[in-house]
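Colleague: I have a model open and would like to practise reading its features one at a time. Could we start with strand pairing?

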Amino acid sequence: MVETGPELAAGLKAQSVKEGATVTMTCKLKKPPAKGAPKLKVKWYRNGKELTEGPAVVMGEDAECNLTLTLKDVKVADAGESKVQFVSLPLSNITATSMVS
């Protein structure tokens, strides 16, 4: 049996937030990676640039297969496209995209 890559149950949603607010984006996988499969690799992007965690950028993953990106103290410069990309098997990746304004 050939193992398939992850599937989304729910993608990211567009959101409008006020400057200085906190915004959290969430997407959900249909199921966790199969037992023994490589750990899911997750990358978050904002306006095409890969994000790294820090005081204003928090990335999370929980047991219910929810992946989250929280941006704290949002600035006007944070507006635009946010994207999550995750890979569980070689050549198998899925992305979800959201707009923040």
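Colleague: In which sense do strands β3 and β4 pair, and over how many bridges?

Modeller: This is a predicted model. Strand β3 covers residues 41–46 and strand β4 residues 49–50, and the two pair in the antiparallel sense over two bridges. Take Arg 46 as an example: its bridge partner in β4 is Lys 49.

Colleague: What do β3 and β4 form, and how many residues are between them?

Modeller: The two strands form a hairpin, with two residues between them. Asn 47 is in the turn, and its phi is positive, at about 50 degrees.

Colleague: How should I read a positive phi?

Modeller: Start from the general case: most residues other than glycine have a negative phi. In this model, Asn 47 has a positive phi near 50 degrees although it is a residue other than glycine. Its place is the loop between β3 and β4.

Colleague: Why does Asn 47 count as partly exposed?

Modeller: Partly exposed is the class between the cut-offs of 20% and 50% relative accessible area. Asn 47 has a relative accessibility of 41%, so it counts as partly exposed.

Colleague: Where does Asp 73 lie?

Modeller: Asp 73 is in the loop between β6 (66–71) and β7 (80–89). Its phi is also a positive value near 50 degrees, and Asp 73 is a residue other than glycine.

Colleague: Which residue's side chain meets that of Asp 73 in a salt bridge?

Modeller: That residue is Lys 75, with an N to O distance of 2.6 Å. A search of the whole structure finds one salt bridge. As for exposure, Asp 73 is partly exposed because its relative accessible area is 42%. Lys 75 is partly exposed as well, because its value is 40%.

Colleague: Now for a residue in a strand. Is Asn 66 buried or exposed?

Modeller: The cut-off for buried is under 20% relative accessible area. Asn 66 has 18% relative accessibility, so it counts as buried. This residue lies in strand β6. Leaving aside neighbours within four places in sequence, Asn 66 is in contact with Thr 26, Cys 27, Lys 28, Gly 60 and Glu 61.

Colleague: Where is confidence lowest, and where is it highest?

Modeller: The general rule is that predicted coordinates should not be read in detail where pLDDT is low. Here, confidence is lowest in strand β8 (residues 92–100), at a mean of 52, and highest in strand β5 (residues 57–61), at 89. For the protein, the mean pLDDT is 75, and 67% of the residues reach 70 or more.

Technical notes
Residues are numbered from 1 along each chain as its sequence is written. This is a predicted model: local features need pLDDT of at least 70, side-chain atom pairs count only at pLDDT 80 or more; totals for chains, interfaces and linings use all residues. Side-chain values use heavy atoms; hydrogens and water are left out. Two strands pair if DSSP finds at least two bridges between them. Helices (H or I, at least four residues) and strands (E, at least two) are DSSP runs, numbered from the N terminus. Buried means under 20% relative accessible area, exposed over 50%, partly exposed in between (1.4 Å probe, protein chains only). pLDDT is the predictor's confidence in each residue, from 0 to 100. A salt bridge is a side-chain nitrogen of Lys or Arg within 4 Å of a carboxyl oxygen of Asp or Glu. Contact means heavy atoms within 4.5 Å.
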